[in-house]
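Visitor: Could you take me through one part of this model in detail, along with any unusual backbone geometry you would point out on the way?

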Amino acid sequence: MRVRRRPAALIGAAALLAVAPVSAHAAAPKFSATTAIGTHNAYEQDKYPYFAQALDSGAALLELDVYVDSISHRWRVSHSNPLGNDNNCEAAKTPGELYSKSRNQDLGSCLDNMAAWNQLHPDHPPVVVKVEMKVGFNDKAGLGPDEFDALVAQKLGSGVYKPADLLGGTYPTLDAAAKADAWPSRDALRGKFLFDLIPGTVEQSNPFDSYWTDEEYGDHLRDLSAAGNISAAQAFPAVLGAANGDPRAGRYDASIRPWFVFFDGDAATYVNKGYDTSFYSANHYILIATDAHNVSPAISSTNPTDAEVAARLALLAKAHASLVTSDWSAKSASVLGSVTSRG
């Protein structure tokens, strides 16, 4: 322990649910200019029997919980078991093996499933893969940011939209690139996965761990950039927790603040406390608003009506969210695939 998709048939079915549609003047809106729906803990078998079905669902964000197992030197995928796998990722490496192999595999197999599914649906809209590092990295045991990057690169290769892609060889930091709205269009991101990393619940409650995933990966990006090797990075660290103003200020060393352009916080906190979330859209940052169902008036966390989802998506788009997440896995792809204009 450290110390310190959518199938092509669904593309037209991204049915926008009669909420404010993506504006007609932007035939190919930028990734930063839209709001879409994600699924919390999409690796759980009670949500989807197979992870490929989570990818089929139409959701624009899928969450994985990952434990570093320092004994076996594996990346475990589980909600609460740090020494075992409990998930819907299967031992499938080819398209023909999907939906049929043994489950409860490690992170490498989840990535294999994504790569195989990508072959079936090379034109799928962008999918954000939110990774909660439950106990953080363990760099001393060979399970640090470098190894995470290497695993993702090995499994998914050019299927990942990386920090270096946003920099485009033009901008010195991710912050500078985001403020210039260097994000590509959603169409240009077809066939791509974007990874974002947040510190885990176990990590945050560990009194012996003061060097959390967000800070560690921020340091990693800064150091890779300084070494001229930013292309090795595969993920974007996210600032966790709803806050007013710029939550990076006072939390991180000034040298890594410009490497955070993903933010992740409780939707109800942003809305109910009246935080000025226009900060995020004005700077073209990616804002993930979690537990979208809890915003007043609360709706079902599992199977709300289509109209309720549409209204919640519209409300949180107006509140400048980029992605809204809940446990709505029971909804159809036409619902989960909805995309609207960001406020």
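Guide: Happy to, and let's begin with a loop. Pro297 sits in the loop between β8 (286-290) and α11 (306-318). The model is a predicted one, and in it Ser296 and Pro297 are joined by a cis peptide bond, with omega about -5°. As background, most peptide bonds are trans, and most residues other than glycine have a negative phi.

That second point leads to two more loop residues. His73, in the loop between β2 and β3, is not a glycine, yet its phi is positive at about 60°. With 45% relative accessibility, His73 counts as partly exposed. Asp181, found in the loop between α6 (174-179) and β5, also has a positive phi, near 55°, without being a glycine. Its relative accessible area is 16%, so Asp181 is buried.

Now for the close look, at helix α3. This helix covers residues 107-120, and at 1.5 Å a residue its 14 residues should span 20 Å; the end C-alpha atoms are 20 Å apart, in agreement. At its start, a side-chain oxygen of Asp106 comes to within 3.2 Å of the backbone nitrogen of Gly108. Because 12 of the 14 residues are buried, α3 is largely enclosed by the rest of the structure. Among the buried ones are Leu107, Cys110, Leu111, Met114 and Trp117, and also the polar-named pair Asp112 and Asn113. The neighbours that the buried residues of α3 pack against include the helices α2 (51-56) and α4 (145-156), together with the strands β2 (61-69), β3 (74-77), β4 (127-133) and β5 (193-199).

Terms used. Residues are numbered from 1 along each chain as its sequence is written. This is a predicted model: local features need pLDDT of at least 70, side-chain atom pairs count only at pLDDT 80 or more; totals for chains, interfaces and linings use all residues. Side-chain values use heavy atoms; hydrogens and water are left out. Helices (H or I, at least four residues) and strands (E, at least two) are DSSP runs, numbered from the N terminus. The expected span of a helix is 1.5 Å times one less than its number of residues. Buried means under 20% relative accessible area, exposed over 50%, partly exposed in between (1.4 Å probe, protein chains only). Contact means heavy atoms within 4.5 Å. A polar contact is a pair of N or O atoms within 3.5 Å; within protein, one must be able to donate a hydrogen and the other to accept it, and residues adjacent in sequence count only if both atoms are side-chain atoms.
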